[in-house]
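Me: Hey, can you walk me through this structure? I'm new to this, so plain words please.

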Protein chains: 2
Amino acid sequence: MKNEPSNNYEGMITMNKVLGIIAEYNPFHKGHLHHLQKAKQLVEPDYTIAVMSGNFTQRGEPAVIDKWARTQMALKNGIDLVIELPALYASQTAELFSAGAIQLLHMTGLVTHIAFGSEHNNLDELDMAARVLAEEPAEYRVLLRSYLNKGLSYPFARMRAMQEYFSCANWVKTISSELIESIFRGSNSILALEYLKALKRLESPIKPVIIPRLGASYNSPSLEGEFSSATAIRSAILSGKSWDSVATALPIPSLEILRETISNGWGPVSIHSFDQILLGLLRRSSTEEISNWMDVEEGLENRIKKHALESVNIEDFLNKVKTKRYTYTRFQRILIHALLGIKTQDISYYQEKGGPRYLRILGFNTRSIPLLSCLKKRAGLPIITKPSHYYRYGDKDLCTMFQYDVLAGDLYALALPNPENRMGGREFNQGLVMIQS
Amino acid sequence: MKNEPSNNYEGMITMNKVLGIIAEYNPFHKGHLHHLQKAKQLVEPDYTIAVMSGNFTQRGEPAVIDKWARTQMALKNGIDLVIELPALYASQTAELFSAGAIQLLHMTGLVTHIAFGSEHNNLDELDMAARVLAEEPAEYRVLLRSYLNKGLSYPFARMRAMQEYFSCANWVKTISSELIESIFRGSNSILALEYLKALKRLESPIKPVIIPRLGASYNSPSLEGEFSSATAIRSAILSGKSWDSVATALPIPSLEILRETISNGWGPVSIHSFDQILLGLLRRSSTEEISNWMDVEEGLENRIKKHALESVNIEDFLNKVKTKRYTYTRFQRILIHALLGIKTQDISYYQEKGGPRYLRILGFNTRSIPLLSCLKKRAGLPIITKPSHYYRYGDKDLCTMFQYDVLAGDLYALALPNPENRMGGREFNQGLVMIQS
């Protein structure tokens with residue numbers, strides 16, 4: 001049974017536009033602030049809702065600080081309401097991550113626009129490419145299959161197949177091979193394609209809005225002043241650099257929250273904090289068990305097992321296990337699947353049912369209280385604000401999905417720098433984050 | 001099929017007496033040296049063989065330094081040959097630990113005497129008590145059951161049942177309740193009982209020899225000069241006390257080996273080094289999985305799960321989870337079972353087959369080369385000296401049991417202080433320890 005947002009507008013306050021943002025805010029930096037401000041200028045929304053990953057991110061890493069601290073950052077920087085992307089969807093490929101996030105925004109029944117960054121700015125062109133991905137015409141599928149059979153990695157095979165498809169297609173408009181290549185070159189354009197594809201598949205009325213990217217690229221490893229990448233900021237924090245070196249890249253609320261979180265030993269957390277847990281898990285697991293984890297294609301289990309023995313930490317493992325075809329990030333995601341016990345069939349089960357089963361509110365600011373009451377009327381999914389009540393919905397699928405979030409929190413806790421903070425169960429003890437505004 | 005030592009004496013050198021010792025040498029201290037010297041004075045053996053636990057010990061802890069360093073200590077202090085007690089048997093109750101160790105010594109086909117320490121010195125009295133444990137007469141069994149049903153812990157119920165049994169039994173000689181209590185009060189006497197019981201069950205010709213204990217008791221927590229307990233020595237090493245404080249309690253070779261091992265980052269290791277791996281494992285496991293681990297009686301799985309969430313490290317967990325009936329040490333052993341994936345049926349399967357399936361040689365000194373060649377002729381079990389060949393025996397049971405030793409080593413490696421030493425596979429790369437003598 002697929003859920004749908006309700007059409008019940010009875011007794012609702014006037015609300016013309018609600019902006020949706022998909023983000024990790026790991027941590028919330030000036031690039032994020034710029035994006036949010038630009039999007040607000042363009043859309044002029046009454047409210048802004050962010051869908052944010054929890055304690056583990058799309059690249060298969062633990063977030064540098066936990067989801068509550070990051071929710072605080074988001075709210076203090078201008079987001080009105082933060083919804084968690086369930087752990088089952090958070091550490092996934094761009095396709096599943098986007099599908100889950102878009103499904104959540106759609107299910108609010110309130111979001112009218114979604115704004116996202118993209119290296120490639122032309123929405124029409126992105127949309128044409130996304131249509132091919134969403135509809136998967138037979139000719140395109142054949143081309144994709146043939147490139148995959150030639151041994152090309154999935155992202156590369158997809159690009160080639162689309163180039164060839166458009167060179168033969170009898171569409172009114174077409175896009176050149178160069179354009180397609182430029183789309184597939186940017187990690188944000190690829191996410192943008194996936195958002196558009198997910199919107200199409202849902203036949204969602206949400207309008208996409210593109211915000212041109214500014215400053216350092218997503219992966220840039222070094223600090224580059226005001227618009228440094230999140231990667232660079234994280235690595236500066238993790239290497240214990242002075243706060244001065246990252247201060248220029250962060251809005252003041254972010255800096256304050258980061259400093260407080262870290263000084264109390266609630267962060268920073270990196271994949272290294274999981275070295276022993278993860279290598280222990282890999283060494284304890286049989287190749288049969290490994291082959292059941294999500295994304296472990298046939299044969300990879302032996303490779304994983306071998307390198308788990310030959311590595312002294314997870315970074316070492318990832319560098320040894322990766323191949324041209326199976327990337328570092330892909331194996332990093334596999335590790336998160338292993339950690340949380342996610343199997344391929346888990347996610348395909350939920351995708352068949354329409355995606356995430358609940359809207360888990362992490363926090364909101366006080367001005368968005370009317371938004372929350374509208375959400376309760378319009379949402380196509382149960383809203384979780386009191387996690388200790390989650391089983392009361394009597395929905396087995398909801399419970400199972402939510403238990404991954406609980407486990408993600410209980411395992412993330414073990415990686416906290418201050419051993420006294422390593423208690424589990426925070427999912428149930430930590431209240432909603434509320435910010436006065 | 002049960003194995004038996006061979007009767008083939010053909011071409012063998014004259015060997016009148018071979019002494020067997022069961023030990024953990026964690027680390028080898030002056031108490032151990034005293035024990036060994038006394039035993040040699042009494043038995044006057046041609047050779048001495050030690051059965052030693054590997055990287056995990058009977059109390060359910062990782063050894064403070066690994067089995068190879070401890071083998072070196074044993075050989076340098078007067079042992080001729082060190083055989084490993086398989087991991088499956090090492091972190092078990094006194095009963096299974098003793099059964100495994102005695103079975104190994106029996107299977108050498110060479111050991112004529114076994115010497116052990118005991119707080120209670122009277123062999124006749126110990127022997128009478130051991131006979132009851134070995135034969136389990138029906139009256140005794142009924143008494144034991146009734147005390148267990150009253151809620152008494154197993155060790156206590158056993159003592160009470162034996163007291164009552166002897167007060168009614170029509171044996172020619174009897175032992176008083178006070179004597180029985182004094183036997184069951186000493187942790188070494190209890191082990192002695194188990195050794196004697198195991199010898200009886202095997203109908204082994206090996207002669208037991210008791211060496212009175214000297215110095216601090218097994219568990220004494222503080223350093224007490226020359227005869228400090230291993231517990232006190234370990235805790236001094238782990239708390240980073242100066243070498244001077246432990247030097248008096250250790251023979252010079254032990255001190256040298258310990259210092260070298262620790263200065264190279266191969267130790268010390270404590271249960272704290274497993275905090276994250278173990279709490280991670282407990283939090284990841286369902287109550288159903290937990291209930292399958294060895295020694296987890298019905299209902300304990302919920303208790304374990306609850307306290308795994310409410311604890312910040314393993315010591316905290318053990319202090320919270322223990323009860324009057326289920327002790328700290330018992331839960332600590334359960335953790336090792338969990339770590340290595342040992343289930344109750346695993347050990348009962350092997351016990352039905354007669355115990356350990358191989359004699360794994362960890363090391364020897366050069367004067368014992370004739371002993372080794374006799375061992376090859378007489379042993380009732382395959383001898384493993386080249387671990388990489390273990391699967392060549394074509395014995396599935398041997399392979400399965402040996403894989404626990406391999407896993408124990410691969411997981412122990414993750415706890416080493418120097419991250420560069422955390423590679424797995426040492427079981428196969430590390431040669432036999434050989435000491436010139």
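Me: How many aromatic pairs does the structure hold over all chains?

Reply: It holds 18 over all chains. Rings of Phe, Tyr and Trp (its six-membered ring) pair if their centres lie within 6.5 Å; planes under 30 degrees apart count as stacked, over 60 as edge-to-face and the rest as tilted.

Me: And what should I know about where these values come from?

Reply: This is a predicted model, where local features need pLDDT of at least 70, side-chain atom pairs count only at pLDDT 80 or more, and totals for chains, interfaces and linings use all residues. Residues are numbered from 1 along each chain as its sequence is written, chains are lettered from A and ligands numbered from 1 in the order in which they are written, and side-chain values use heavy atoms, with hydrogens and water left out.

Me: OK, back to the rings. What kind of pair do B:Phe116 and B:Tyr195 form?

Reply: A tilted one, with 5.3 Å from centre to centre and 50° between the planes. B:Phe116 sits in strand S4 (residues 113–118) of chain B and B:Tyr195 in helix H9 (residues 187–202) of chain B, so the pair ties together parts 79 residues apart in sequence. Helices (H or I, at least four residues) and strands (E, at least two) are DSSP runs, numbered from the N terminus.

Me: Is B:Phe116 buried or exposed?

Reply: B:Phe116 counts as buried, at 4% relative accessibility. B:Tyr195 is buried too, at 5%. Buried means under 20% relative accessible area, exposed over 50%, and partly exposed in between (1.4 Å probe, protein chains only).

Me: Which residues do ring pairs link into a cluster in chain A?

Reply: A:Phe56, A:Phe274 and A:Tyr412.

Me: New topic: the two chains. How many residues of chain A are in contact with chain B?

Reply: 27 residues of chain A, and they touch 27 residues of chain B. Contact means heavy atoms within 4.5 Å. Together the chains bury about 2,200 Å², 57% of it on carbon and sulfur atoms. That buried area is the accessible area (1.4 Å probe) that two parts lose on being put together, summed over both. A:Gln276, A:Arg283 and A:Arg284 supply 33% of what chain A buries against chain B, more than any other three residues.

Me: How many salt bridges does the rule find across that interface?

Reply: Zero. A salt bridge is a side-chain nitrogen of Lys or Arg within 4 Å of a carboxyl oxygen of Asp or Glu. The rule does find twelve residue pairs in polar contact there, both residues at pLDDT 80 or more. A polar contact is a pair of N or O atoms within 3.5 Å; within protein, one must be able to donate a hydrogen and the other to accept it, and residues adjacent in sequence count only if both atoms are side-chain atoms.

Me: Which helix gives the most to the side of chain A that touches chain B?

Reply: H13(A), with seven residues.

Me: Let's look inside chain B. Why is helix H2 called largely enclosed?

Reply: Eight of the ten residues of H2 (residues 67–76) of chain B are buried, so the rest of the structure largely encloses it. Among those buried are B:Trp68, B:Met73 and B:Leu75. The cover includes strand S2 (47–53), strand S3 (81–85) and helix H12 (252–263) of chain B.

Me: What's at the ends of H2(B)?

Reply: B:Asp66 caps the N-terminal end, with a side-chain oxygen 2.8 Å from the backbone nitrogen of B:Trp68. Just after H2(B), B:Gly78 takes a positive phi of about 120°.

Me: And what does the side chain of A:Thr108 reach?

Reply: The backbone nitrogen of A:Val111, at 3.3 Å. A:Thr108 lies in the loop between helix H4 (94–107) and strand S4 (113–118) of chain A, and counts as buried at 0% relative accessibility.

Me: Any backbone oddities? Which residues does a cis peptide bond join in chain A?

Reply: A:Gly267 and A:Pro268, with omega about -5°. In chain B, the bond from B:Asn26 to B:Pro27 is cis, with omega near -5°.

Me: Last one: what is phi like at A:Glu44?

Reply: Positive, about 50°, although A:Glu44 is not a glycine. A:Glu44 is exposed, with a relative accessible area of 58%. For B:Glu44, phi is near 50°, and B:Glu44 counts as exposed at 60%.
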